[in-house]
Amino acid sequence: MEFKASLALIAPEILLSLSGLALLLVAAWSGDKASRTISVLACVALGACFFLVAPAVCAGAAGPDTMAFGGQFRADAFAGFAKLMIFAASGAVLIVAPSFLERTGSMRAEFPVLVLFATLGMSIMVSATDLLTLYIGLELNSLSAYVLAAFLRSDNRSAEAGLKYFVLGALASGILLFGMSLTYGFTGTTSFEGIRVALDGELATGALFGLIFVLAGLAFKMSAVPFHMWTPDVYEGAPTPVTAFFATAPKVAAVALTARVALDPFGMQADAWQQIVVFAALASIVVGALGAIGQSNVKRLLAYSSINNIGFILIGLATGTLAGASAMLVYLAIYVAMTVGSFVAVLMLRDADGNPVEAISDLAGLSTTRPALAWCLMALMFSTAGIPPLFGFWGKFVVFRAAVEADLIVLAALGIAASVIGAFYYIKIVKIMFFDEPANKVVGKSDWSHWALLAISTVFISPLGYLLTGWLGDLADSAAASLLLLA
């Protein structure tokens with residue numbers, strides 16, 4: 001009976017596994033001509049998983065009933081909240097990717113299959129309650145991501161991005177494994193619950209190093225400073241739909257997993273990891289803000305923007321409180337919408353021959369040549385900067401409020417000051433689009449699917465998004481409560 005209940009709890013993961021395997025067979029039999037069909041079917045599978053997870057999130061699923069396979073997997077509301085964002089971001093990427101890859105002659109039937117398997121790995125990551133489960137999910141995601149980064153085989157930039165991501169990712173996996181081995185050596189278990197019990201008291205030096213190495217490995221996955229060095233190069237070199245994927249779904253999975261690791265197995269040792277998270281948060285905010293100022297490529301600028309946003313998200317984790325965890329989830333939901341919209345807008349920046357336009361200087365006068373696109377991009381940039389009344393302001397507000405309530409006033413003040421620096425490069429893009437002489441580079445037509453996703457994202461981050469604050473806050477509160485229930 002327990003095995004049957006466990007299977008019911010992992011129904012989304014089973015569906016993703018079976019869908020990925022079935023579509024892999026279709027790809028093998030039908031070849032690249034079936035790539036569009038496979039992409040549509042992959043989107044359907046992700047949509048089905050979304051609706052399988054949604055009831056647990058709405059019900060605030062928590063407690064022993066959410067544990068599967070002897071405590072190795074936890075399908076609680078916290079994991080479900082993260083999975084909803086992962087499935088939505090992955091589906092958005094599958095919608096916009098085919099047209100981009102077909103124009104470059106690189107559309108392959110395995111692309112949506114790789115996205116499905118990467119999503120499966122992320123789904124396992126956010127539900128992991130054992131170090132072994134954590135590593136299996138993380139590597140399943142990473143192996144797919146390495147191939148996706150180098151998907152444009154004829155493009156040297158893409159090959160370079162894939163190689164850098166693979167080498168640095170392997171290094172991060174080694175660091176993570178070393179930390180896991182130290183943790184196991186000093187606690188005698190890989191279970192999160194067992195680690196929490198074993199570390200209830202004074203933290204041994206070896207266990208502290210295990211904690212540091214585990215957090216370092218996870219920091220690479222979410223590109224937090226000082227493990228951010230791969231992000232600008234990989235974001236610039238990878239195909240733009242893949243960059244959009246890297247900037248959203250894996251970020252959500254890495255942040256959710258880091259929160260679970262910090263608050264569950266190491267929850268009794270908050271004083272040990274809080275200083276590390278505070279440093280990573282402030283360093284990410286400052287490096288992301290300053291690094292973006294001199295960028296001339298819009299994808300590299302968005303890479304530094306993602307590093308900057310990770311810093312704000314980590315402020316919520318640094319509090320170690322229910323309010324901080326809830327604020328982190330709210331910020332993540334808004335961040336995913338802003339990032340998906342921003343990269344869809346970048347995909348729509350094309351010249352007369354359909355080639356992508358990535359130079360920021362080529363956006364000059366976009367408000368004259370493509371006014372609707374320029375206005376949507378302006379709203380997304382201002383929202384990402386946290387300028388009211390756009391919805392991005394609310395994400396920063398709830399994070400800073402949680403920090404103040406946790407008596408981290410200095411951290412909140414430094415974060416607010418650094419966010420002013422970050423606003424500069426967002427405003428610079430708006431200035432170029434609206435006040436510079438038209439460059440007449442962005443004149444290509446856009447697909448209806450791109451317009452649809454851009455419109456949805458823009459409406460969500462507009463002042464209309466504040467209508468969702470109560471509902472989104474309640475879901476985030478119940479999800480955070482489920483995470484901290486056993487912590």
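**Exercise 1. Work out which class of residue dominates the lining of the largest pocket, and which helices build it.**

Start with the make-up of the wall: in this predicted model, the lining of the largest pocket has 20 nonpolar residues, 2 polar ones and no charged ones. Next, get a feel for the space itself, which comes to about 690 Å³. Of its 22 lining residues, those closest to the centre are Phe 50, Leu 84, Met 85, Ala 88 and Phe 460. Now look for the helices behind them. At least two lining residues each come from α3 (35-59), α4 (77-103), α14 (322-347), α19 (448-461) and α20 (469-484). The top contributor is α4, with 8 residues.

**Exercise 2. Decide whether Val 53 is buried or exposed, then find what it touches.**

First, place the residue: Val 53 sits in helix α3. Then check its relative accessible area, which is 6%. The cut-off for buried is under 20%, so Val 53 counts as buried. Now skip the neighbours within four places in sequence and list the contacts that remain: Pro 12, Gly 80, Lys 83, Leu 84 and Phe 87. For a sense of the fold here, take Ala 79: it lies 26 residues from Val 53 in sequence, while their C-alpha atoms are 9.1 Å apart.

**Exercise 3. Find the residues with the most contacts inside the largest nonpolar core, and follow one of them outward.**

The core holds 175 residues, and the best-connected inside it are Phe 81, Phe 111 and Phe 246. Its largest share, 19 residues, is supplied by α14. Pick Phe 246 and again ignore neighbours within four places in sequence; its contacts are Ala 145, Leu 148, Ala 149, Tyr 165, Val 234, Tyr 235 and Lys 251.

**Exercise 4. Describe the largest cavity by volume, lining and residue class.**

Begin with the search, which turns up 5 cavities of 30 Å³ or more in the whole structure. The largest has a volume of about 80 Å³. Two elements, α13 (298-319) and α14, give two or more residues to its lining, and the largest share, 5 residues, is from α14. Among the lining residues are Ser 305, Asn 309, Tyr 335 and Thr 384. Sort the lining by class and you get 4 nonpolar, 6 polar and no charged residues.

**Exercise 5. Say which helix has the lowest mean pLDDT and which the highest.**

Take the overall figure first: the protein averages 89, and 99% of residues score at least 70. Then go element by element: helix α1 (residues 2-9) has the lowest mean, 82, and helix α5 (residues 110-127) the highest, 94.

Notes:
Residues numbered from 1 in each chain as written. Predicted model: local features only at pLDDT ≥ 70, side-chain atom pairs only at ≥ 80, totals over all residues. Heavy atoms only, no water. 1 Å grid on protein atoms, 1.4 Å probe; cavity = no way out; pocket = protein on both sides within 12 Å on 5 of 7 lines; lining within 4 Å. Points joined across faces, edges and corners; volume = space filled by probe spheres on them. Helix = DSSP H or I, 4+ residues; strand = E, 2+ residues; numbered from the N terminus. Nonpolar A, V, L, I, M, F, W, Y, C, P; charged D, E, K, R; others polar. pLDDT = per-residue confidence, 0-100. Buried < 20%, exposed > 50% of the residue type's maximum accessible area, 1.4 Å probe, protein only. Contact = heavy atoms within 4.5 Å. Core = buried A, V, L, I, M, F, W, Y, C linked by side-chain atoms within 4.5 Å.
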